[in-house]
Protein chains: 2
Amino acid sequence: MSQAEAASGPSRSERTRSSILQEAERLFAERGFEATRLEDVAEAVGIRRASIVYYFRDKRELYDMVLGSVFGGFHARLESALGGTAPLPHRVEAAVSAWVEYVGERPALARLLLREVAGAPERGPALLDHIQPFVDLVRGFIAKLEPHETEALSPVEPAHFASTIAGATVFFVAAMPALLPDRGDPLKPEQLEAHRREMLGIARRLLGVRRTNTG
Amino acid sequence: MSQAEAASGPSRSERTRSSILQEAERLFAERGFEATRLEDVAEAVGIRRASIVYYFRDKRELYDMVLGSVFGGFHARLESALGGTAPLPHRVEAAVSAWVEYVGERPALARLLLREVAGAPERGPALLDHIQPFVDLVRGFIAKLEPHETEALSPVEPAHFASTIAGATVFFVAAMPALLPDRGDPLKPEQLEAHRREMLGIARRLLGVRRTNTG
DNA sequence: GTCTATAGAGAGATAGAC
DNA sequence: GTCTATCTCTCTATAGAC
């Protein structure tokens, strides 16, 4: 944002660009990359298709920007949750809570991640670029642990731990409305909170922590 | 299979049809419905694209047949696991094991399910048709339980239980090779077995069963 | 049953006016 | 910045020969 914009708010250009990203996020999540037409994104924004290309070189670049925005938004949260001086299990639990809360705020992440993960590894290393920061973050976190804390992690591999929590959450958020439509929206605060507690319970079990009541 | 085929084996027609289904299963799983070209399926089988249409009306029908085959294959297994007179937790654990084993044998299921679940509920009720038999099966199972067994289920909702296990497994199988390529194939027997045990542990926790060693 | 050839629709990308 | 118009390519589906 330039100085002038700091006073007057985002420029028209920035508002348009931001709207495109927002609608693209929703549509790519709902329909997938191939099935999403730039025409649909344009219509949702209220502009013409050619205008999208003014902001983003092509469809692929738009998609990459969406992924960057969605995954990037969680990176800071995770960093903050894992930081600090609290005991190891508390920090891991804070990370799990941050994850479930973020998915609740930005459910497009769930569908985008499901789709990306479904893609065969050879095809499209796109995902890896966006996930690598998280892998690095977690590896750094583990590297900085005290020896006695590292031992506490031994019951489970970090990769498996993350996969279980991440998979259970995105599947829950995306699958419930599809498979059990009469069950109510999983994004409703009560449902999400129940899920969060369940994930915390699983996290504690995987970490070998004795069970407590809430998080 | 007709009487003649019972002796001579599958006819050429049946072999071709079966090959188409097999390659389509793999390609739809790896690339998704839209990104899969009938051309690619035909090439993988070693025939021409037009021949596919001789066996399947159109691309959509082929896709539906693939889903039917993949999901249908698990239905019998689940039914058998949930049946019998063993105590409730044992039958649930047998179901979890059957699930993990089936995904291991037919990993296309993982990617197909991830993709289907990612689709917004409004678009394409296709998945529901294939999942409904499972919902019915589980509801029937619960309905037939003794009162004291039903109580044992109370700690967790069946839908949430299934979502957690199913999500964690398909995510694990599909995401590991993509996100941590140096970690080895999750489909290798040791890895799959470790995952199965972990899922059993989670299942027991969700069912409120005291922990034991293996399944 | 499997093929070649082609019709027909759809969507991304580009050029250039305003 | 946003538009209209158009080019070009890709893919499904069909028709009909062998």
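This short talk walks through how two protein chains meet two DNA strands.

Hi everyone! What you see is a predicted model, where local features need pLDDT of at least 70, side-chain atom pairs count only at pLDDT 80 or more, and totals for chains, interfaces and linings use all residues. Residues are numbered from 1 along each chain as its sequence is written, chains are lettered from A and ligands numbered from 1 in the order written, and side-chain values use heavy atoms, with hydrogens and water left out.

Let's start with DNA strand D. There are 17 residues around this strand, where "near" means that a heavy atom of the residue lies within 4 Å. Those that come nearest include A:Arg48, A:Tyr55 and B:Arg37. Sugar and phosphate make up 69% of the strand D atoms within 4 Å of the protein.

Now for some polar contacts, meaning pairs of N or O atoms within 3.5 Å. In the side chain of B:Arg37, an N or O atom is 2.7 Å from a phosphate oxygen of strand D. For the side chain of B:Lys59, that distance to a phosphate oxygen of strand D is 3.2 Å.

Which helix gives the most to the surface near strand D? That is α4(A), with four residues; helices here are DSSP runs of H or I, at least four residues long, numbered from the N terminus.

On to DNA strand C. Among the residues that come nearest are A:Arg37, B:Arg48 and B:Tyr55. A polar side-chain atom of B:Tyr55 lies 2.6 Å from a phosphate oxygen of strand C. Here α4(B) gives the largest share of the surface, four residues. Thanks for listening!

Conventions
A polar contact is a pair of N or O atoms within 3.5 Å; within protein, one must be able to donate a hydrogen and the other to accept it, and residues adjacent in sequence count only if both atoms are side-chain atoms. Helices (H or I, at least four residues) and strands (E, at least two) are DSSP runs, numbered from the N terminus.
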